[in-house]
Amino acid sequence: MQHERPFLRAASPEDGLSEARFFTGKTGAIRNLVREIMQHLALALPDNPELCGNAELVLAEALNNIEEHGYAGIPGMPVQVSVTVLGNMIQVATRDFGTPMPGLTIPPIHRPEVEVPKDALPEGGFGWFLIHSLAPNPSYTRRGNTNRLFFKMRCASAQAETS
Amino acid sequence: MNLTSRTHDGILILTPDTDRIDAAGAIYLKDQFRSATAGVEGRVVMDLAGVTFMDSSGLGAIVSALKLLPGRKLELAGLTPVVAKVFKLTQMDQVFRIHQALSDVTKGDGANAA
């Protein structure tokens, strides 16, 4: 599949909106997209590198998950992403055409056990745990043949300031 | 992704030549680590000061590297904020010996686990 250049749009500075759409092209497409979105977010939120870092992790984990599980590891399948900045909050929405999430639900919060012998240490299973940790209450809906994920992120410090 | 290696006072220091250890690069790390540490008996430190992003796939690769070192811990130095957060949230910071900076290791008393 042709690797389409991500569409990124910066709206007026007042709403700080940024948006992206893309289709994965090949291995490394996710990395390139995340990188490009992060350049955009760094401009939109120059004083909030921690929140941007959280968003980078959530984006990467969500997109990897779509490619690895929704699309069974086949690169080059379509995913749409939109990223919105609202004040000190970042919203990420994704849409893909992969297989539904098992049980039509997001995996529950589970941190793999690390107090185990070295050879038994987990090498995976942390992706959704990180998402839950950084973007509480992620949402998932299956509509027609599409999966939609939605994440909201705030910085712990930004939350403290506004409460 | 490549791991460059050098030895300092008998300590093997490995440095990834990338700023990201993510799903696209993780698969190479274990193989690189295996060949870099083959036959090495002493301490092994991975200098992560230049790595600004690591996801759960990258973490998995570092854990798989740890398992290639029988009887000792893999030491990590210079964790940047996002990398440190991944280790802390997953509690993997308890599994590795973590140094603030590589200079803490090369100065001799590298025992100040973060």
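In what order do the elements of chain A run from the N terminus on? They go β-β-α-α-β-β-α-β-β-α, which adds up to four helices and six strands. Keep in mind that this is a predicted model.

**Chain A in brief**

Here are some overall values for this chain.

| Property of chain A | Value |
|---|---|
| Buried residues | 48% of the 163 residues |
| Contacts joining residues at least 24 apart, among those at least 6 apart in sequence | 60% |
| Exposed area | about 8,300 Å² |
| Share of that area from carbon and sulfur atoms | 54% |

Helix 1 of chain A covers residues 29-44. At 1.5 Å a residue, its 16 residues should span 22 Å, and the end C-alpha atoms sit 23 Å apart, so the two values agree. Quite a few of its residues are buried: A:Ala29, A:Ile30, A:Leu33, A:Val34, A:Ile37, A:Met38 and A:Leu41 are among them, and so are A:Glu36 and A:His40.

**The sheet in chain B**

Over in chain B, five strands make an open sheet with mixed pairing, in the order 1-2-4-6-7. Strand 1 (3-8) and strand 7 (97-99) of chain B each have a single partner strand, so these two stand at the edges with one side lacking a neighbour in the sheet. On average, neighbouring strands of this sheet are turned by 25 degrees against each other, direction ignored.

Take the strand 7 end of the sheet. Strand 6 (residues 75-77) of chain B pairs with strand 7 of chain B in the parallel sense, over three bridges. One contact to look up there is B:Glu75, whose bridge partner in strand 7 of chain B is B:Arg97.

Helix 1 (residues 23-37) of chain B lies across strand 1, strand 2 (11-16) and strand 4 (44-47) of chain B. Against strand 2 of chain B, this helix runs at about 155 degrees.

**Nonpolar cores**

Which residues touch the most other members of the largest nonpolar core? Of its 70 residues, they are A:Ile90, A:Phe151, B:Leu74, B:Leu76, B:Phe87, B:Met92 and B:Phe96, so both chains are represented. Helix 2 (residues 49-70) of chain A gives the most to this core, with ten residues.

B:Met92 is a nice one to click on. Leaving out residues up to four places away in sequence, B:Met92 touches A:Val114, A:Leu121, A:Pro122 and A:Phe126 in chain A, plus B:Leu59, B:Val63 and B:Phe87 in chain B.

There is also a second, separate core of six residues, including B:Ile11, B:Ile13, B:Val45 and B:Ala77.

Methods:
Residues numbered from 1 in each chain as written. Chains lettered and ligands numbered in written order. Predicted model: local features only at pLDDT ≥ 70, side-chain atom pairs only at ≥ 80, totals over all residues. Heavy atoms only, no water. Pairing = 2+ DSSP bridges. Axes fitted to C-alpha atoms, helices over the stretch in contact; angles between N-to-C directions. Contact = heavy atoms within 4.5 Å. Core = buried A, V, L, I, M, F, W, Y, C linked by side-chain atoms within 4.5 Å. Buried < 20%, exposed > 50% of the residue type's maximum accessible area, 1.4 Å probe, protein only. Areas by Shrake-Rupley, 256 points an atom, 1.4 Å probe, with all protein chains shown as cover. Expected span 1.5 Å × (residues − 1).
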